[in-house]
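This report looks at how a protein model holds its ligand, and then turns to a part of its surface. Please keep the structure open while you read.

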Amino acid sequence: MNHALVNDPDRLGTLRALHLLDTPAESFFDEIARFAAHLAGTPIATVTLIDEQRQWFKARVGLELPETPLAMAICLYTIMSSGIYVVEDTMKDPTHSSNPLVTGSPYLRAYAGVPLRMENGHVIGALAVMDTRPRRFRSSVLEGLVMLAQQVVMHITLRQQKLELELQTRRLREAQRIADIGSWELDLTTHTFQISEQVYRIYGVWHAEPQAPLIPLDRYLDYVHPDDLASVQRALEDARSGVRPMDIVHRIVLADGSVRHVRQHAELIRSLDQHLALAGTVHHVTELIEKQAKRELLEECIERVSDTVMITEASPLDEPGPRIVFVNKAFENTTGYRRDEVLGRSPRFLQGPGTQRCELDRVGNALRHCLPVQSELINYTKRGKPFWAQLDIAPVAVRSETPTHFVSVQRDVTRRKEDEHYIRQLAFYDALTGLPNRRLLMDRLAHALQIALRHAQSGAVMFIDLDNFKTLNDTMGHDKGDILLTLVAQRLQRFVRKSNTVARFGGDEFVILLEDLDPQSDMAATQARILGEKILGAFQVPFDVAGYRHSCTPSIGVALFNGEPVGPDEILKRADVAMYEAKASGRNGLRFFDKGMQCRVNKRAALDRDFRKALQAGEFVLHYQPQVDQSGQMIGVEALVRWRHPHRGLLYPSEFMWIAEDSNLIVELGDWVLGQACRQMALWQRRAGRPVPGISVNVSARQFHHPEFLPRTIDVLRAAGVDPRSLKLELTESTLVDRIDDTVAKMDTLKSWGVRFSLDDFGTGYSSLAYLKRLPIDEVKIDRSFIQDILCNQDDAAISQTIISLCQILGLNVMAEGIENESQRDLLAKQGCKYYQGYLMGRPVPPELL
Ligand SMILES: Nc1nc2c(ncn2[C@@H]2O[C@H](COP(=O)(O)O[C@H]3[C@@H](O)[C@H](n4cnc5c(=O)[nH]c(N)nc54)O[C@@H]3COP(=O)(O)O)[C@@H](O)[C@H]2O)c(=O)[nH]1
């Protein structure tokens, strides 16, 4: 037997594809079998299918067995033959005589089978009739069997096509359900819809209403949202009339009132019955629309926020950098770049020379590890303007396990940074000079001391105080004082390297912190001294204070540090002490701190304290020194202040006046002196016998320029009841030259009251003829420094002669002070001086001794 044919995979494939094997009985096949048996007059007929192992009966008449092994199948011979296979007596046919179906039940003796040949040529089985007796089959019977076999094949083919159609329909239905897309066909003749199952589902009537085969157009349109109806009808009309295919998204309202969005597509076609029709689809797009609406809302929000939003791809982080895929409007506004200029580029073009490299590295490192990161970076606009950006960058994974993008939200924080800088400036820098202030200095000094201690390094603190600054401030006004301080700051900075610090410590005090001196103490001291001397030298050049040339000198105190455990306060105190020492030694000098200074400073501090107390306790007294004319007649006295110190005895002005000058007590003391002198004068004027014709009172520059000086002086004169003509105020040249207009006005007012003026210490200062002429003074006092050596020093004699001659020309009185012997007086008299003061005429004494 040719098993190759039986086991032909194509044949078996055809058999299986028919889905006939092992299926329940079907009436068609049963009837064919019955008809075949009737036609042939046999008790048995079958529709037999042959697979690789058995024969299986799709239909059988007169046979109990549902199937038999292949070896018992006579139909096998039928499918291998090209036509009808007939066996008239199986017992006589050696091929079949031993077949169990022949030898045993059902004792088959005759057989006629027609192969079931499908359209593709494969034979899948046979239509067979069988008898239990030997017999011959008439040709008409065999022809009839052939026709029946053809009916079987045709039926199997139709059955198969039907199955396939069902399968396709089911697939289409499933596809529509899965895609949520329904289909319809609108017959334009009947105006009825044929609607797929999914359309019902989309319209929410799948369970509620039984599926109607045809839906009238109006019924379909009932579902359309009233607001969308017109546009849907228009779209239908356009499609129907062939203007354009229908493509519309609209809303439908379901029976429960809920609203869905659908997208309808339709095109004009001819239906099977050749009617014009619209074939359409309905896509349920509520979710898509909602997603899209959400996305649009999101995009709109991102577009409108004032923060910059930038999205880049997640790689490459190395060159050329990740590409920008999105920026919002705020980005364009902040950076000045248009969207189309930046898309596809790396954000690196925002960086510039000021962008912090280390911060970029930190950000890059975080992103490399897919971590979110915050930063504050200096970015640059398209025009190259730097701005501070506060960044918040987060990795984003879109349909991926690993980040696909980075989203960066940036805010322009330039204003905050400027404010912070400003606050920092306020906190750590002096507003007037821009120099580090005391706080920053103390920080840096503390740090410098730690470094010096740790690494045995040397440094120094230079404490610089401007001499007589208070006088300038009081006499020329604070605005000029401020200008001078600014100029001083600039000048100091010129001498100091950037690594060191020039700070304004307060008022007229500056501190220089030198951190990079030689580790050797003596070398460090030399370096500090050189710098100090340079500074002193630099101050030799007058300052241009708003057009006025002002000479200003500094007193500098230096304290070195070189690894000893000492705090910033202590070092500063030492420098301060040294500075006071420089001041006490005549100012405009430089002193290094030494241990002995501390004692002196303590003494000075005690003196300062005592001075304040002394004013309150009335420890100051006035001594009076006579002033005489050529005949020796007393023409007045000069009031000279003394301090009756409870422990140190009687102190002279040289010992305490500088304390008063340094503090504001000079004005208070001066007021007291003027009041006391006037009161004493009033007493003398009332005294019988030896009247004192006039009194000279020394007035300091700060006292004279004090805004209250004028009214106070007048009040004092009034209160004491003294004739103003008996009062002479002694002013120094330096007092008068500053703010000359104001000075002259003040002097004129007092002169209108009768008060007179004497120019003290003449010859030691400016000695300018111009202002001598301008000022309403009555007298010039030749300083005692010229009188002292007048007999042996021709220059001094010449100076005194010049002053006297000058005053004669200007019509001013001349008083010579410090005359200790008659020769001095005689020479002065010879030179034309008419008034004298000095120990020769009388020492300063308490009033009761005069
Ligand atoms: N603003 C104020 N200044 C004052 C006041 N009292 C004094 N002073 C100023 O202090 C300076 C020193 O004063 P004093 O130590 O009192 O010395 C005066 C005389 O004692 C001294 N003198 C006078 N005759 C002689 C002499 O023959 N020999 C000598 N060696 N010294 C002598 O001269 C001082 C007076 O100087 P002057 O005022 O320039 O006329 C001094 O500058 C005072 O001005 C005060 O209350 N307020």
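## Contacts with the ligand

In this predicted model, a polar backbone atom of Tyr839 lies 3.0 Å from an oxygen atom of the ligand. Taken on its own, the ligand has 810 Å² of accessible area, and the protein covers 83% of it.

Side chains make polar contacts with the ligand as well: an N or O atom in the side chain of Glu817 is 2.2 Å from an oxygen atom of the ligand, while a polar side-chain atom of Arg642 is placed 2.7 Å from an oxygen atom of the ligand.

## The shell around the ligand

The ligand is surrounded by 22 residues, of which Glu638, Arg642, Arg784, Glu817 and Glu820 are the closest. When the residues of this shell are sorted by character, 9 are charged, 8 are nonpolar and 5 are polar.

Which elements each supply at least two residues of the shell? They are β26 (634–645), α21 (653–662) and β30 (756–762), and the largest share, 4 residues, comes from β26.

## A nonpolar patch on the surface

Elsewhere in the model, Tyr422, Ile423 and Leu426 together make a nonpolar surface patch of about 330 Å². One of these residues, Ile423, has its place in helix α14, which spans residues 414–428.

Is Ile423 buried or exposed? Ile423 counts as exposed because its relative accessibility is 54%, and the cut-off for an exposed residue is over 50%.

Terms used:
Residues numbered from 1 in each chain as written. Predicted model: local features only at pLDDT ≥ 70, side-chain atom pairs only at ≥ 80, totals over all residues. Heavy atoms only, no water. Patch = residues over 30% accessible without salt bridge, like charges linked within 9 Å, V, L, I, M, F, W, Y side chains within 5 Å. Areas by Shrake-Rupley, 256 points an atom, 1.4 Å probe, with all protein chains shown as cover. Salt bridge = Lys/Arg side-chain N within 4 Å of Asp/Glu carboxyl O. Buried < 20%, exposed > 50% of the residue type's maximum accessible area, 1.4 Å probe, protein only. Near = heavy atom within 4 Å. Polar contact = N/O pair within 3.5 Å; in protein donor to acceptor, adjacent residues only side chain to side chain. Nonpolar A, V, L, I, M, F, W, Y, C, P; charged D, E, K, R; others polar.
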